[in-house]
Amino acid sequence: QIEYAIEAIKLGSTSLGIQTSEGVLIAAEKRLQSKLVVQSSVNKILEIDSHIGAVMSGMVADARILVEHARVESQNHRFTYNEPMRVESCTLATCDLSLGFGEGGKKKLLSRPFGVSLLIAGVDENGPQLWQTDPSGTYTKYDAQAIGAGAEAAQGIFVEQYHRSMTLKDAEKLALSILSQVMEENIVETNVEIAVVRADTGKLHIYSPDEIKAVISREGISS
């Protein structure tokens, strides 16, 4: 069943994350099933806490359960210890829920693994971080990573073009350039999402369509 969950992720829309010294950027392709869908109702990037965001690929309903769990854990940590939760601890809490699949005991048993992978981006005392979770409950830290249908092509581009001295502006350009290559449609402000967690402010900022449009026109990117 884990293999089936991983296959579901490979069919999902492409999402990616890039870690820089200035902060972490996450971006996602927004696939709309119909022209009648209200675009603002489809969200691929979700806020977990003021300093942590997540982008998903796979089954959106499953992602919502994991993100909701991460939000509760993060708020509990803040309430109990009066400090923001570390990004790794938040990722671990999310993966702990994924491990509920196949466990016995008094816990409510999950009938199947979550068919979703998350890229969790955040800033804490250890600086900017990017973590990936998968359906088996494994979590890994990356400098740059892509998930979803275009992951293989995107990872090839990361290997060639990513460098640790990148700025967030460079990361914006690289992210949009990759999405424009893996997406079937032309890239416009309504079919992509971008968010950054800046190292200087330690806050998550999700770009508005106008901000995305400005970045696309600045970089002169089109599919």
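Which residue in β2 is the bridge partner of Leu 16? To find the answer in this predicted model, begin with the sheet that holds β2.

**The sheet.** Select β8, β1, β2, β9 and β10, in that order: these five strands form an open sheet with antiparallel pairing. At its edges lie β8 (144–147) and β10 (204–206), each of which pairs on one side only. Viewed along the sheet, neighbouring strands are turned against each other by 15° on average, direction ignored.

**β1 and β2.** Next, select residues 15–20, which make up β1, and residues 23–29, which make up β2; the two strands run antiparallel and are joined by six bridges. Centre the view on Leu 16: its bridge partner in β2 is Ala 27.

**β1 and β8.** Keep Leu 16 in view and add β8. Strands β1 and β8 also run antiparallel, with four bridges between them. Here the bridge partner of Leu 16 is Ala 146. Leu 16 therefore serves as a reference point for both pairings, with Ala 27 in β2 and Ala 146 in β8.**The faces of β8.** Display the side chains of β8. Ala 144 and Ala 146 are on one side, Gln 145 and Ile 147 are on the other, and all four are buried, both faces of the strand being covered.

**The helices.** Now select residues 151–161, helix α4, which packs on the sheet and touches β1 and β8. The direction of α4 makes about 165° with that of β8. Finally, select residues 168–182, helix α5, which lies across β1, β2 and β9 (192–198). Helix α5 runs at about 20° to β2.

Definitions and conventions:
Residues are numbered from 1 along each chain as its sequence is written. This is a predicted model: local features need pLDDT of at least 70, side-chain atom pairs count only at pLDDT 80 or more; totals for chains, interfaces and linings use all residues. Side-chain values use heavy atoms; hydrogens and water are left out. Two strands pair if DSSP finds at least two bridges between them. Axes are lines fitted to C-alpha atoms, for helices over the stretch in contact, and angles run from 0 to 180 degrees between N-to-C directions. Contact means heavy atoms within 4.5 Å. Buried means under 20% relative accessible area, exposed over 50%, partly exposed in between (1.4 Å probe, protein chains only).
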